[in-house]
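User: I'm new to this structure and would like to learn how to read it. Could you walk me through a few features?

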Amino acid sequence: MARASGDEISYTQDRPISHAEFKSILERSGLAARRPVANLQRLEKMLAAYTFVVSAWHRDKLVGISTVWTDWAFSAYLADLAVDRDYQKQGIGRRLVDLSKQAVGPEVTLILLSAPDAATYYPKIGMERFTDCFLLRRSQ
Amino acid sequence: MDFQLSIKTMPTDNTAERIRNIIKQHARLSADAASLAPSADLYEAGMTSHASVNVMLALEGEFEVEFPDRMLTRGTFDSIASIQNAIEELTSG
């Protein structure tokens, strides 16, 4: 999607995100198929628990999000990386990951689980594929 | 007139002052930003990595630049002097 010069994407850690906006960006990014978007209470709990959220805005429209939990000392989990389909392939996802990594600092490893169809994306933005990762899956 | 104009756009001191203002607003330091030496370590003065992102985003807005990936390191933002070097590199040419 072309944008006029000066009509840029802005990034912030401070802007509050409502659960409706969270739901909307999950839907517009394609991540909704893998998140409990039908259950607003569950989305609200997710959103309330993140340590911080980096968001990307085009004017007043939320176009990308990176949600992170961290201990600020060793590990961080990037729970949701979502970019509106109309704004993908413009470097927004990469920027959100870079800002998230900068925010947690050099002592912290940033970890994420990729959706299967996004697995080729992360090595392209400099993330290391790590095979020794283990899960106990949610049952609901 | 031309001479005055060129004086007006000389960046150095003004840049440092603008950086200092942004640090004051966004770095959440325990020390007073006004009294910091240009080479003082901002992380030692209480800036967290999380706050450094707010500083960086505010600098991008203030100076109308975008820090490239290679500059998104602790070293770029660890003092007023290193921030000033980075801004001057991004705004030169």
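User: Which residue stands opposite A:Val53 in S3(A)?

Analyst: Happy to start there, with the note that this is a predicted model. The residue across from A:Val53 is A:Thr67 in S3(A). Here is the general idea: side chains in a regular strand alternate between the two faces of the sheet. In this case, S2(A) and S3(A) run antiparallel and are joined by 7 bridges.

User: How many residues lie between S2(A) and S3(A) in their hairpin?

Analyst: There are 2 residues between these strands, and A:Arg59 in the turn has a positive phi of about 55°. On another edge of the story, S2(A) also pairs with strand S1 (residues 9–12) of chain A, in the antiparallel sense over 4 bridges. There, A:His58 in S2(A) is the bridge partner of A:Ile9.

User: Now the helix: which residues of H1(A) are buried?

Analyst: Generally, an α-helix has 3.6 residues a turn, so residues three or four places apart point the same way. In helix H1 (residues 19–29) of chain A, the buried ones are A:Phe22, A:Lys23, A:Ile25, A:Leu26 and A:Ser29. They lie on the same side of H1(A) because their arc around the axis is only 165°.

User: What covers the buried residues of H1(A)?

Analyst: The cover includes helix H2 (40–49), strand S3 (61–70) and strand S4 (75–83) of chain A. Just after H1(A) comes A:Gly30, with a positive phi of about 100°.

User: And how many residues of chain B are in contact with chain A?

Analyst: On chain B, 9 residues are in contact with 12 residues of chain A. That side of chain B has 3 nonpolar, 4 polar and 2 charged residues.

Methods. Residues numbered from 1 in each chain as written. Chains lettered and ligands numbered in written order. Predicted model: local features only at pLDDT ≥ 70, side-chain atom pairs only at ≥ 80, totals over all residues. Contact = placed C-beta atoms within 7 Å. Nonpolar A, V, L, I, M, F, W, Y, C, P; charged D, E, K, R; others polar. Buried ≥ 20, exposed ≤ 12 C-beta atoms within 10 Å, placed from the backbone. Arc of directions from axis to C-beta. Pairing = 2+ DSSP bridges.
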